[in-house]
Amino acid sequence: MKNPVMYLSGVTLSNIKDILQEVIEINLKRIDNGVKQEMLTLLTRQDTAKALCISLPTLNQWTKEGVIKAHRIGNRVLYRLEDINDALTEVKTSVKRGGKSC
């Protein structure tokens with residue numbers, strides 16, 4: 001099969017460089033966005049307790065009871081944001097009450 005020959009007229013080397021740079025930047029942004037979406041969000045025990053407005057002993061108890069999943073790396077205990085969101089359940093009430101948040 002013959003290789004097609006293409007002739008470009010009126011296009012400078014600078015124009016070709018600009019076009020290639022733009023295409024490369026667009027593709028790098030797509031790759032970067034894909035990598036960011038795949039990264040896990042891990043929280044420490046302190047950050048998890050603060051996010052859930054509970055004490056560390058309560059978080060420890062919930063972990064032992066299986067209410068929320070924990071992951072261990074060496075001596076560190078970490079919680080995935082997805083696991084925290086999965087542990088939350090919606091409460092449906094008919095009466096709305098105001099209250100102080102943590």
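User: In what order do the elements of the protein run from the N terminus on?
Analyst: This is a predicted model, and its elements run α-β-α-α-β-β-α from the N terminus. That comes to four helices and three strands.

User: How do the three strands fit together, and what makes the sheet open?
Analyst: The order across the open sheet is β1-β3-β2, with antiparallel pairing. Its edge strands are β1 (42–44) and β2 (71–73), and each of these pairs on one side only. From one strand to the next, the twist averages 45°.

User: How do you know that β1 and β3 pair?
Analyst: Two strands count as paired if there are at least two bridges between them. β1 and strand β3 (residues 76–80) have three bridges, in the antiparallel sense, so they pass that test. Thr44, for instance, has Leu78 in β3 as its bridge partner.

User: Which helix packs on the sheet, and what does it touch?
Analyst: That's helix α2 (residues 45–52), which touches β1 and β3. The direction of α2 makes about 95° with that of β1.

User: Why is Asp83 called buried?
Analyst: The cut-off for buried is under 20% relative accessible area. Asp83 has 8%, so buried is the right word. Asp83 is found in helix α4 (residues 81–87). Leaving aside residues up to four places away in sequence, Asp83 touches Ile68, Lys69 and His71.

User: And how much of the protein is buried?
Analyst: Of its 102 residues, 11% count as buried. The accessible surface comes to about 9,500 Å², and carbon and sulfur atoms hold 54% of that.

User: What makes Arg80 and Glu82 a salt bridge?
Analyst: In general terms, side chains of opposite charge can pair when their charged atoms come close. The rule asks for a side-chain nitrogen of Lys or Arg within 4 Å of a carboxyl oxygen of Asp or Glu. For Glu82 and Arg80 the N to O distance is 2.7 Å, so the pair qualifies.

User: How far apart are the closest N and O atoms of Arg80 and Asp83?
Analyst: They are 3.8 Å apart. The limit is 4 Å, so this one is a salt bridge too. Salt bridges with shared partners join Arg80, Glu82 and Asp83 into one network. By this rule the count comes to two salt bridges.

User: Are Arg80 and Glu82 buried or exposed?
Analyst: Neither word fits, because partly exposed covers what lies between under 20% and over 50%. Arg80 has 24% relative accessibility, so it counts as partly exposed. Glu82 has a relative accessible area of 47%, so partly exposed applies there as well.

User: What makes up the nonpolar surface patch?
Analyst: Val11, Leu13, Ile16, Leu20, Ile24, Leu28 and Ile31 make it, over about 650 Å². To be part of a patch, a residue needs over 30% relative accessible area and no salt bridge. Ile24 has its place in helix α1 (residues 13–38).

User: What share of the contacts links residues 24 or more positions apart?
Analyst: Such residues account for 43% of the contacts in the protein with a separation of 6 or more.

Notes
Residues are numbered from 1 along each chain as its sequence is written. This is a predicted model: local features need pLDDT of at least 70, side-chain atom pairs count only at pLDDT 80 or more; totals for chains, interfaces and linings use all residues. Side-chain values use heavy atoms; hydrogens and water are left out. Helices (H or I, at least four residues) and strands (E, at least two) are DSSP runs, numbered from the N terminus. Buried means under 20% relative accessible area, exposed over 50%, partly exposed in between (1.4 Å probe, protein chains only). Contact means heavy atoms within 4.5 Å. Accessible areas come from the Shrake-Rupley method with a 1.4 Å probe; for residues, only the protein chains shown count as cover. Axes are lines fitted to C-alpha atoms, for helices over the stretch in contact, and angles run from 0 to 180 degrees between N-to-C directions. Patches are made of residues with over 30% relative accessible area and no salt bridge: like charges are joined within 9 Å, nonpolar side chains (Val, Leu, Ile, Met, Phe, Trp, Tyr) within 5 Å.
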